[in-house]
Amino acid sequence: MITLHQFPRAWNIPNPSQFCAKLETYLRMAGIEYRIAETLPIYAPFGKLPFIEDNGQKLADSRVIICYLQQHYGDSLDGHLSAEKSARSLAWQRLLEEHLYWVCMYSRWQYGAENWRINKRAIFQGLPQPLADLVAARYRLRIKGQMRGHGIGRLPAAQVFELGRRDVAAVSAALHGKTFLLGDRPSSVDASAYGVLINLLACPVTSPVKDYALTQSALVDYCRRMQFRYFPELGEPQFGA
Ligand SMILES: N[C@@H](CCC(=O)N[C@@H](CS)C(=O)NCC(=O)O)C(=O)O
């Protein structure tokens, strides 16, 4: 059976990591059996979570893992997509994972002492003190360095959140009147969308982009729908701070 290595759960959502939440959602959407091993990125092949082990082989990066799963376990989710819908799927995935993701990271790791405290407690919950604080401080420097490298970490907060607000408005408009991001049937991009959006809406930090997202009923309803369908044991997501 596949072993999914990821952060421990937190906040009544699948995972405090957008990519771990995405991959576990994908596994459930595709009906693939797995077991969970809780860990930290230091133990991952490329220093990032999630990764999986299957038949003695370790695979990292949710995009690479999903391609592998599609090849080895069948592609029940994206087989019906037209070329045009597949192109849209890729574009949405990039917006969510390569841009809106970083806006959310900024609000957790760089924006406000209370947000950082909440984030730190969830991510490093498995470590004893004072190790947890030491490791968290090192990781915070590392993630801030990544955000500077991306560019978003160099901008004033107001600009970061305005950029994020535009992403959120775009996804909200695309979801309007639809059950899933590409229409009436679920596809793999819904795993990305739910992984990122549930971490924006139901992570108990505060930010202007989250305040805006909470006004978008299409997003709130979508996250609620996805959680009830794929993670019923978690119950109602706790939206808000
Ligand atoms: N492209 C990767 C991104 C994974 C990723 O960025 N994971 C974060 C957690 S959300 C991580 O482990 N970061 C630790 C680090 O960069 O040191 C994927 O799709 O899996």
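A residue counts as near a molecule if one of its heavy atoms lies within 4 Å of it. The views below come from a predicted model.

**View 1. The residues around the ligand.** The ligand has 15 residues around it. K48, L49, S62, R142 and Q146 come nearest. By type, the shell divides into 7 nonpolar, 4 polar and 4 charged residues.

**View 2. Polar atoms facing the ligand.** Which part of K48 supplies the N or O atom that is 2.9 Å from a ligand oxygen? For K48, that atom is in the side chain. L49 uses its backbone instead: an N or O atom there lies 2.8 Å from an oxygen atom of the ligand. S62 has a polar side-chain atom 2.5 Å from a ligand oxygen. How much of the ligand does the protein bury? Taken alone, the ligand exposes 510 Å², and the protein buries 92% of that.

**View 3. The pocket and the helices beside it.** The ligand takes up the space of the largest pocket. Two elements give two or more residues to the shell around the ligand: α2 (62–73) and α5 (131–150). Of the elements, α5 gives the most, with 3 residues.

**View 4. The ligand and the two domains.** Why does the ligand lie between domain 1 and domain 2? Domain 1 spans 2–73, and domain 2 spans 83–234. Both give residues to the shell around the ligand, so the ligand lies between them.

**View 5. The cis bond at P50.** L49, one of the residues that come nearest to the ligand, is joined to P50 by a cis peptide bond. Omega for this bond is near 10°. P50 itself lies in the loop between β2 (34–38) and β3 (51–54).

**View 6. The cis bond at P130.** The peptide bond that joins Q129 and P130 is also cis. Here omega is about 5°. P130 is in the loop between α4 (113–123) and α5. That α5 is the helix that gives the most residues to the shell around the ligand.

**View 7. The backbone at N12.** Is the phi of N12 positive or negative? N12 has a positive phi of about 65°, although N12 is not a glycine. This residue is found in the loop between β1 (2–6) and α1 (18–30).

Definitions and conventions. Residues are numbered from 1 along each chain as its sequence is written. This is a predicted model: local features need pLDDT of at least 70, side-chain atom pairs count only at pLDDT 80 or more; totals for chains, interfaces and linings use all residues. Side-chain values use heavy atoms; hydrogens and water are left out. A polar contact is a pair of N or O atoms within 3.5 Å; within protein, one must be able to donate a hydrogen and the other to accept it, and residues adjacent in sequence count only if both atoms are side-chain atoms. Accessible areas come from the Shrake-Rupley method with a 1.4 Å probe; for residues, only the protein chains shown count as cover. On a 1 Å grid over the protein atoms alone, a cavity is a set of points where a 1.4 Å probe fits but cannot get out, and a pocket is an open set with protein on both sides within 12 Å along at least five of seven lines; lining residues have an atom within 4 Å of a point. A molecule sits in a cavity or pocket if more than half of its atoms lie within 2 Å of its grid points. Helices (H or I, at least four residues) and strands (E, at least two) are DSSP runs, numbered from the N terminus. Ala, Val, Leu, Ile, Met, Phe, Trp, Tyr, Cys and Pro count as nonpolar, Asp, Glu, Lys and Arg as charged, and the others, Gly among them, as polar. Domain bounds come from an automatic or database domain assignment.
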